[in-house]
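I opened this notebook to keep a record of what I looked up in one protein chain. The entries follow the order in which I made them.

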Amino acid sequence: TVMQARLSLTELASKIESNRDSKRDFTVPSPKIEMKQDQDKTVIEMPVNGGTERFGINNFAHGQLAEKLSIPKKYYDRMLTETPDLLSANVNRWLREEPKNNLMRTLDGNVRAFLSDRYRPIDNDVIAEAVLPHLLNAGVEIKSAEITERRMYLQVVTPKISAEVPTRKGEIVQAGLTLSNSEVGAGSVWFANLLYYLACLNGQIGTTDFRKYHIGRRIGNTDGAELSAFTDRTRQLDDKAFMSALNDLTKNALSALTLDKELKMIEDATKREVGATALSDTVTEISKKHGLNENEKEGILSRIIKGGDLTQFGVANAVTNLANSEQEVPNFDWVIELQKIGHEVMSDGDTWGVIEKKVAPKPTATATA
């Protein structure tokens, strides 16, 4: 299987443009926000430019609201499913106690983010405008792109920078980049190295090179005012400065792409073997460390057995190969996490040593005369 492509570059650009045209941002004091039930649907009602409007709530925004109000997520989800009226009563009660202003980000009629009014959005169209021209001019190949509720992702490789996997004749690895941004408070803008293995068509996300956190000036004390004017007048200079920095960073990241540091790590991983009797325990230990569920653990184990590579390198590639399966891993945010985990498994010699000791078969007692 190959890396999940999800969106072509044209589809990504189209989705970014569509979202840009459909999004609306508001600043609203917490006591003016109210959760209600509307025909069996849980909605948010809030003041908008002198009137009121109702919005649906996406899953990620539900999670932010639960965290904001210190309502345990498991209990929040149970109320949402079983007793939505009780959820509304709890949410509204705690919102009334909060004097804070919120940045409410909406898209297609749904609240997609509950954020502090200090949150300074850096939107995907700004990122794309700064980065895509440099990537295309560099002749990279787009391997994967997606926009989820949480983040935008773009993964590229450059065939110009490749090398043979040490100790594996004929197996080629290419260098690339992963770029990610969140418009909704799910972390910062980041670049990370990408390793792309031609033999198994897996991608592994390595070192993160750059982050810019989305925190800036307070947006203001407006009471349900839409922020289009703020966007047009105030963000432009900030966006221009950020785009300039991102232009430089993209060019520098592409020019600095190398496999030199990775090749030694890969070579070491190909030499660390897993005993066949310890294979299951090894995968169990890795699953515990990285929070993998039982189906994912079994998927990794079956791939190792099928591939017959009982080394740290083989185990790591089994993890990233699992990420290639849209049927087994439909959540693209988790696809990216598995690509990171695969690289961590391969690069973490210290932890691997601990795992080896933990799962090593105990010596068999021998009878004495």
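The entries below go from the chain as a whole to single residues.

**Entry 1: the chain as a whole**

I note at the outset that the model is predicted. I looked up the secondary structure and found 12 helices and 12 strands in the protein chain. The chain has 369 residues, and 50% of them count as buried. I then turned to the contacts with a separation of 6 or more, and 67% of these join residues 24 or more positions apart.

**Entry 2: the largest pocket**

How much space lies in the largest pocket? I recorded about 430 Å³. Its lining consists of 21 residues, and those nearest the centre of the pocket are Cys200, Arg303, Gly307, Asn317 and Asn321. Two elements give two or more residues each to this lining, namely helix H9 (294-307) and helix H10 (312-322). By residue class, I found the lining to divide into seven nonpolar, eight polar and six charged residues.

**Entry 3: helix H10**

Since helix H10 appears in the pocket lining, I looked up its burial next. 11 of the 11 residues of H10 are buried, so the helix is largely enclosed by the rest of the structure. I listed some of the buried residues, among them Phe313, Val315, Asn317, Val319 and Leu322.

**Entry 4: Asn321**

I chose Asn321 for a closer look, as a residue of helix H10 that is also listed among those nearest the pocket centre. Is Asn321 buried or exposed? Its relative accessible area is 16%, and because the cut-off for buried is under 20%, Asn321 counts as buried. With which side chain does the side chain of Asn321 make a polar contact? I found the partner to be the side chain of Arg303, at 2.8 Å. Leaving aside neighbours within four places in sequence, I recorded contacts of Asn321 with Thr1, Cys200, Asn202 and Arg303. Of these partners, Cys200 and Arg303 are also listed among the residues nearest the pocket centre.

**Entry 5: aromatic pairs**

My count of aromatic pairs came to three. I examined the pair of Phe26 and Phe55, whose ring centres lie 5.7 Å apart with the planes at 55°, so the pair is classed as tilted. Phe26 belongs to strand E1 (residues 23-29) and Phe55 to strand E4 (residues 51-57), so the pair ties together parts that are 29 residues apart in sequence. I noted both Phe26 and Phe55 as buried.

**Entry 6: Asp40**

I next looked up a loop residue, Asp40, which lies between strand E2 (34-37) and strand E3 (42-48). Asp40 has 84% relative accessibility and therefore counts as exposed. In sequence, Asp40 and Pro84 are 44 residues apart, while their C-alpha atoms are 8.7 Å apart in space.

**Entry 7: Thr258**

Where is Thr258 placed? I located Thr258 in the loop between helix H6 (228-255) and helix H7 (260-271). Its relative accessibility is 38%, so I entered Thr258 as partly exposed. A polar atom of the Thr258 side chain lies 3.1 Å from the backbone nitrogen of Asp260. I also recorded a separation of 9.1 Å between the C-alpha atoms of Thr258 and Gln174, which are 84 residues apart along the chain.

Terms used: Residues are numbered from 1 along each chain as its sequence is written. This is a predicted model: local features need pLDDT of at least 70, side-chain atom pairs count only at pLDDT 80 or more; totals for chains, interfaces and linings use all residues. Side-chain values use heavy atoms; hydrogens and water are left out. On a 1 Å grid over the protein atoms alone, a cavity is a set of points where a 1.4 Å probe fits but cannot get out, and a pocket is an open set with protein on both sides within 12 Å along at least five of seven lines; lining residues have an atom within 4 Å of a point. Grid points are joined across faces, edges and corners, and a volume is the space filled by probe spheres set on the points. Helices (H or I, at least four residues) and strands (E, at least two) are DSSP runs, numbered from the N terminus. Ala, Val, Leu, Ile, Met, Phe, Trp, Tyr, Cys and Pro count as nonpolar, Asp, Glu, Lys and Arg as charged, and the others, Gly among them, as polar. Buried means under 20% relative accessible area, exposed over 50%, partly exposed in between (1.4 Å probe, protein chains only). A polar contact is a pair of N or O atoms within 3.5 Å; within protein, one must be able to donate a hydrogen and the other to accept it, and residues adjacent in sequence count only if both atoms are side-chain atoms. Contact means heavy atoms within 4.5 Å. Rings of Phe, Tyr and Trp (its six-membered ring) pair if their centres lie within 6.5 Å; planes under 30 degrees apart count as stacked, over 60 as edge-to-face and the rest as tilted.
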